[in-house]
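Open the model in your viewer and keep the sequence panel at hand. The stops below say what to select and what is there.

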Amino acid sequence: MSATVAQVMVQQLISWGIKHVFGVVGDSTFYFLDALARQSAIKFYAVRHEETAALMASAYAKLTGEMAVCTGTSGPGLVHLLNGLADAQKDGVPLLAITGQVARQDVGTHQKQYLDQQSLVHSLVSYTCLLSDPQATVKVLNQAYKKAITQRMPAHISVPMDVFQLPCEEQIRQPEPYLFTRMISDHHTLKGVLPWLERAERPVILAGVGARGAGQQVRALAEKWGAGVIHTLGGIGVIPGTHPLALGGLGHAGSWAAAEILQQADLCLRIGVNWWPEKYISKHIQVIEIDAQAANIGAGSNVAYGLVGDAAQLLPELTNLLSKKERRPWQETLAKAHRDWHNQVAQEAAQSGGFVPPARIVQVMSQLLHAEAVVCLDTGDHTIWFGRNFIPQNQRVLLSGKWRTMGFALPAALAAKLARPARQVVALVGDGGMGMLLADFTTAVKYDLPVVILVVNNGGLIEEKNRMLTGNLIPAGVSLHNPNFAAFAQACGGAGFWVNDASQLEDTLTRALQCNKPAIVDIISDGTTIPGTTIQA
C-alpha cells in the first residue's frame with residue numbers, strides 16, 4: 001500500500017536529519033501529526049501557542065545552524081506563527097513552517113479558517129507553496145529546503161487537509177551536499193587586505209554573531225595585531241571578558257570604554273557583524289569586513305575591503321601573514337579601556353535603590369553561570385543592562401537580534417535545552433515579555449526541560465517608560481499588573497523562587513541553578529534609568 005502524503009513528508013524530514021517539530025494540534029493537520037506519532041526519529045513537541053513553536057524553531061536554528069521545523073493549523077494557527085517567522089527572517093536562519101489548509105474544494109471560498117496563506121507570508125519567507133497534488137510532495141518539500149538553506153530564510157508549505165491522507169508515490173530524496181558549499185576568498189584576495197591591516201595604528205575588532213565558533217582565532221589575531229575586541233550582543237563570549245583586550249559591548253547596550261575606543265580607532269575589522277550604529281563610531285574610521293555571506297559585506301556601511309568566508313578558516317591564515325608590530329601608546333589606551341569597562345560594571349552593580357538593581361542581577365549571572373551556558377535574552381530594559389554588565393566566558397547568547405520581539409526568551413530556552421541538553425540554559429526575561437507566553441512554562445514542565453527563567457519584575461515596560469520620560473511624554477500604558485511568577489511556577493509543577501533583596505540574590509540563584517527542575521526566579525527589581533537613555537532607540 002502506498003504511503004500517504006503526511007507519511008512521505010515525515011520521511012523526507014527524517015532524511016534531512018530533523019529531530020524535532022514544534023507546534024499546536026489543529027484539525028487541518030491531524031494526519032500530519034498522526035504520521036509523526038507513528039515513528040520515533042522525530043519527536044513532536046506540543047506547545048501552548050504557535051508563536052512559541054515558531055520562536056523555538058528560530059532559536060533552535062540560531063543555536064545549531066541547522067534547519068528547524070514548526071507547524072500549525074489553518075487560519076489562526078498560521079497567523080500565530082508569523083512572529084517567529086519574522087524573527088528567523090531578520091536573523092537569517094533556515095526554518096520550515098508546515099501549515100494545514102482547508103480542503104481543496106473550499107480554497108478561495110468563505111469556509112471557516114480559510115485565507116490565502118501564500119499572500120500572507122510572502123514577505124517573510126524565501127519560498128511558499130500550496131501543495132495541491134500529492135505527487136508533488138517531495139518536489140515541493142525539496143524546493144522549500146533548498147531555498148531555506150541557501151538563502152538562510154524561512155520557507156513555508158501549506159497543505160489542504162484532504163491532501164495529507166492521499167497516497168503519494170514519490171521517492172524520498174537525500175539532501176544534496178552542494179547545498180552546504182560555502183564561498184571563501186582565495187589566497188590572493190586574502191593577501192590584498194594586509195596593507196590595510198599593517199598601516200593601522202589604532203586597530204579594533206568588532207565581533208558579531210558570525211564570529212561564533214572562531215573565538216580562539218579572533219583572540220590570536222587580536223593579540224598579534226594589538227587590537228581591542230568589542231562585541232555585539234550576539235557576539236558576547238567570542239573572547240572572555242577577562243582577556244586584557246576585551247572592551248565590552250557596542251552601543252547603548254555596551255560599555256563607555258568601547259564607545260571611546262571606537263571614536264579613537266583608525267581601522268575596524270568587523271567579523272560577522274550585522275549591526276553598525278553610526279552614532280557610536282567615528283566617521284573617519286576605515287572598515288574591513290569578514291562575513292560568510294558576500295551579500296552582507298558593506299550592507300551596514302561602506303567598507304574599504306571585504307573577505308568572504310567562515311571566520312574560523314580565514315583568520316588563522318590572516319594571522320600568519322600579518323607581521324607583529326609594537327603599538328605601545330595604543331596598547332596603553334586599550335589597557336585603560338579594559339579597566340574602565342570593569343569599573344563601570346562594578347559601579348553599576350553597586351548602585352543602591354529599591355529592591356534589586358538590574359545591573360546586580362547581571363553581575364551575579366556573570367559569577368554563577370557555567371562557562372558553556374546558553375543565555376536566552378528577551379527584549380527590553382534588562383537586555384541593555386545585560387549587554388552593559390555581563391562579563392562573558394564562553395557562554396552562547398541567543399536573542400531576537402534584528403526583529404527584537406518580546407516573548408523570545410522562554411521559547412528560546414526550551415529549544416536550547418532540546419538542542420543542547422547537557423548545557424546549562426538560563427533565560428533573562430522582563431515581566432512584560434514573560435507575560436506574553438507565560439503559559440508555555442508548562443511546556444518546560446511537561447517535557448522535563450530544566451531551564452531557569454530569571455524574571456526582572458519591575459512592574460512595567462521600563463525601557464519604554466524611561467524613554468518616553470526623557471522626551472517629556474506621558475508614559476501611558478507602561479504599568480503592568482503581574483502575578484507572583486514564583487507561585488505560578490510552583491502551580492505548574494516547576495520550582496519557584498522569589499527575591500526582593502540584593503543580598504538574597506546569589507544564594508537564591510544558586511539554588512535555582514541546582515534544583516534540576518524547570519524554575520522561575522521572580523526578582524523584584526527597580527526601574528533605574530540606563531545612562532544615556534533618550535527617546536530615540
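**Stop 1: a loop residue, R152**

Select R152: this residue is buried, with a relative accessible area of 18%. The cut-off for buried is under 20%, so R152 qualifies. Bear in mind that this is a predicted model. R152 sits in the loop between α6 (137-151) and β7 (154-160). Check its backbone: phi is positive, about 50 degrees, although R152 is not a glycine.

**Stop 2: N516**

Now select N516, in the loop between α20 (502-514) and β20 (519-524). Phi is positive here too, about 60 degrees, and N516 is not a glycine either. Is N516 buried or exposed? N516 is exposed, with a relative accessible area of 61%.

**Stop 3: F355**

Go to the loop between α12 (328-349) and α13 (358-368) and pick F355. F355 is partly exposed, at a relative accessible area of 46%. Add V499 to the selection. The two are 144 residues apart in sequence, yet their C-alpha atoms are 8.6 Å apart in space.

**Stop 4: helix α3**

Select residues 50-64, helix α3. What span should its 15 residues have at 1.5 Å a residue? The expected span is 21 Å, and the end C-alpha atoms are 21 Å apart, which agrees. Switch on a surface next. Of the 15 residues of α3, 15 are buried, so the helix is largely enclosed by the rest of the structure. Step on to G65, which follows α3 and has a positive phi near 75 degrees.

**Stop 5: strand β10 and its partners**

Select β10, residues 228-231. Both faces of this strand are covered. G228 and I230 are buried on one side, V229 and H231 on the other.

Add β9, residues 203-207. β9 and β10 pair in the parallel sense over four bridges. Look for L206, which stands opposite I230.

Then add β11, residues 246-249. Its pairing with β10 is parallel as well, over two bridges. Which residue of β11 is the bridge partner of H231? That partner is G249.

**Stop 6: helix α9**

Select α9, residues 215-225. Together with β9 and β10, this helix makes a right-handed β-α-β unit.

Finish with α11, residues 311-321. The axes of α9 and α11 come within 9 Å and cross at roughly 20 degrees. That makes α9 roughly parallel to α11. The crossing of these two helices is left-handed.

Key: Residues are numbered from 1 along each chain as its sequence is written. This is a predicted model: local features need pLDDT of at least 70, side-chain atom pairs count only at pLDDT 80 or more; totals for chains, interfaces and linings use all residues. Side-chain values use heavy atoms; hydrogens and water are left out. The expected span of a helix is 1.5 Å times one less than its number of residues. Buried means under 20% relative accessible area, exposed over 50%, partly exposed in between (1.4 Å probe, protein chains only). Two strands pair if DSSP finds at least two bridges between them. A crossover is right-handed if, with the strands pointing away from the viewer, the path from the first strand over the helix to the second runs clockwise. Axes are lines fitted to C-alpha atoms, for helices over the stretch in contact, and angles run from 0 to 180 degrees between N-to-C directions. Angles under 35 degrees count as roughly parallel, over 145 as roughly antiparallel, 65 to 115 as roughly perpendicular and the rest as oblique. A crossing is left-handed if the near helix is turned anticlockwise from the far one by less than a right angle, and right-handed if clockwise.
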